[in-house]
Amino acid sequence: MTEVIVVGAGPTGLLLAGDLAEAGIAVTVLERRDGRVSNLSRAFGVHARTLEQLDARGLADPLVPMGAALSRVRLFERVEVDLGELPSRFPYLLITPQYNVENLLLERALRAGAEIVHDTEVVGLSQDGTGVTVTTTDGTRRAAYLVGADGFHSAVRRALGQPFPGKSVLQSIMLADVKLAEQPDELLSVNGVGDAFAFVAPFGDGYHRVFAWDRRHVVPDDVPLTLEEVREVTTRALGTDFGMYEARWLSRFHSDERQVPDYRVGRAFLAGDAAHVHSPAGGQGMNTGLQDAANLGWKLAAVLRGAPEDLLDTYQSERHPVGRSVLRSSGALIRAAMIESSAGRAVRGLAARGALSIPKIRTKVTGQLSGIGYAYPAPDGAHELVGTRAADVPLAGGGRLYEALRGRRPVLLGDADVTGWADRVRVAAPAVPGGPMVLVRPDGYVGWAGTDPAGLRQALTRLTGTAGSRRSETPSTP
């Protein structure tokens, strides 16, 4: 029987389902859409930290050839962010449509044994001390835990009574899938000129995706959009429309900045766009949701197998601040792009180039944009490494840390006696010896570091449960 129900079969829900299934957890995904993966999704960029997470699941190597690597990202005019210096195996932004990511995650989840039920809509839920009961259009289901990864219009969020405070930032953003008679000089073309903004990126199948916004013509989302309107706004923003023709899709949407106050309500959790939405600037949406899933999945699996239940509280304390930071940074980018006066745009460019010339600021900006720079709060007195992203260090005898993480278990870098936890942690020696022992969580963040075996035992208990007390991996219903 199901132990976790995930609502929503987008990238966030599919990564979470795959993680749980690979960890031996019985998981069911409920999706209101049919089983087709749409090519009309908005996300186009996969950042370095997300690629590292996919690498820890064996999915980065098949994904990278499906896109194009962009080592320098232009924000507007002559302001660029250089990702080539990132301390990662993936020092770039991968331009590839969301459906490529979604297909890989779907195949993995199914291969691992996740159940995916389509054409099923959640209409209500209730919870008690042992589980959650979900009411859907085709009956009721029960599980120990529930995760709402069902997007901006989340039925789970509404059923939980969670507010979604915030506001709309841009109305009437235009989206178009078009062919171009002239290929852009840059892989990703983007610029804002005050009354117009445009972004053009390759879709990967002969079409390009265009995002455009016109300050002079803000209308409701349901007002029909024409190719001529997209051409005109793109020309104002970029100086050319690249000879756009043959639009296979035209639509409008609005961009909001919103975040729920609580990512956890009892035995129910919110992730991805169900928990936070923000402007498309910086390409953070899908990436932030996938990071939510990577953080929550291993914790649910650990608690269901005997770890302390309060481990689940750290999902809120770790991911909510990151979501808030992404709202602020993406909001700052879109507001900078919307500056109307030519004098204001000149100051914008001068200030941005000056800031990025300072190494410390440049490192912070690239770290936030790529996701590499985010760290989680550490307990008082913890080693300075705790909460930070673990580098993909080489291991003695060959291989890398992120390959070792594919077992969906913590990895201990160092030599220690883990009797009682041997079925829950992998011990691996780094290729370069020395330094403290480092316990790396399944999501690639440091859970503990030090030289004291007693401290290691405490960390293993906190993250995986007491020695020798692991519950049966036979799925059960509460």
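Here are a few exercises on a predicted model, each with a worked solution.

**Exercise 1. Work out whether helix 6 has its expected length, and which way its buried residues point.**

Start with the span. Helix 6 covers residues 227-238, and its 12 residues should stretch over 16 Å at 1.5 Å a residue. The end C-alpha atoms sit 16 Å apart, so that agrees.

Next, pick out the buried positions: Leu227, Glu229, Val230, Val233, Thr234 and Ala237. Look down the axis of helix 6 and these buried residues fall within an arc of 155 degrees, so they line one face of the helix. That fits a general rule: an α-helix has 3.6 residues a turn, so residues three or four places apart point the same way.

Now ask what lies over the buried residues of helix 6. The cover includes strand 13 (166-180), strand 14 (189-192), strand 15 (196-202), strand 16 (208-214) and strand 17.

Finally, check what comes after. Gly239 follows helix 6, and its phi is positive, near 85 degrees.

**Exercise 2. Do the same for helix 9, and say which residues are exposed on its other side.**

Length goes first again. Helix 9 has 15 residues and reaches 21 Å from first C-alpha to last, close to the 21 Å expected.

Then sort by burial. Arg345, Arg348, Gly349, Ala352 and Leu356 are the buried ones. Down the axis of helix 9 they fit within an arc of 95 degrees, so they line one face. On the other side of helix 9 you'll find Ala343, Val347 and Leu350 exposed.

**Exercise 3. Describe the surroundings of Leu250 in strand 17.**

Begin with accessibility: Leu250 has a relative accessible area of 31%, which makes this residue partly exposed. For that label, the value has to lie between the 20% and 50% cut-offs.

Then list the partners. Leaving out residues up to four places away in sequence, Leu250 touches Leu175, Ala176, Leu225, Thr226, Leu227 and Val230. Take Leu225 from that list: 25 residues separate Leu225 and Leu250 along the chain, yet their C-alpha atoms are 6.1 Å apart.

**Exercise 4. Glu246 and Arg408 have positive phi values; find where each one sits and whether each is buried or partly exposed.**

A reminder before you start: most residues other than glycine have a negative phi.

Take Glu246. Its phi is near 50 degrees, and Glu246 lies in strand 17 (residues 244-259). With a relative accessible area of 40%, Glu246 is partly exposed.

Now Arg408. Here phi is near 60 degrees, and Arg408 belongs to the loop between helix 11 (401-404) and strand 21 (411-413). Arg408 counts as buried, at 11% relative accessibility.

**Exercise 5. Set the linings of the second largest pocket and the largest cavity side by side.**

Pocket first. The second largest pocket holds about 400 Å³ of space and has 20 lining residues, with Leu75, Ser329, Ala332, Leu333 and Val365 nearest its centre. Strand 5 (72-76), helix 8 (314-337), helix 9 (342-356) and helix 10 (359-370) each supply at least two lining residues. The lining splits into 14 nonpolar, 5 polar and 1 charged.

Then the cavity. The structure has 4 cavities of 30 Å³ or more, and the largest contains about 120 Å³. Of its 16 lining residues, Gln284, Thr288, Gln291, Gly371 and Tyr374 lie nearest the centre. Helix 2 (48-55), helix 7 (285-304), helix 8 and helix 10 each give two or more residues to this lining. The cavity's lining divides into 5 nonpolar, 9 polar and 2 charged.

Methods: Residues are numbered from 1 along each chain as its sequence is written. This is a predicted model: local features need pLDDT of at least 70, side-chain atom pairs count only at pLDDT 80 or more; totals for chains, interfaces and linings use all residues. Side-chain values use heavy atoms; hydrogens and water are left out. On a 1 Å grid over the protein atoms alone, a cavity is a set of points where a 1.4 Å probe fits but cannot get out, and a pocket is an open set with protein on both sides within 12 Å along at least five of seven lines; lining residues have an atom within 4 Å of a point. Grid points are joined across faces, edges and corners, and a volume is the space filled by probe spheres set on the points. Helices (H or I, at least four residues) and strands (E, at least two) are DSSP runs, numbered from the N terminus. Ala, Val, Leu, Ile, Met, Phe, Trp, Tyr, Cys and Pro count as nonpolar, Asp, Glu, Lys and Arg as charged, and the others, Gly among them, as polar. The expected span of a helix is 1.5 Å times one less than its number of residues. Buried means under 20% relative accessible area, exposed over 50%, partly exposed in between (1.4 Å probe, protein chains only). The arc is that of the directions from the helix axis to the C-beta atoms. Contact means heavy atoms within 4.5 Å.
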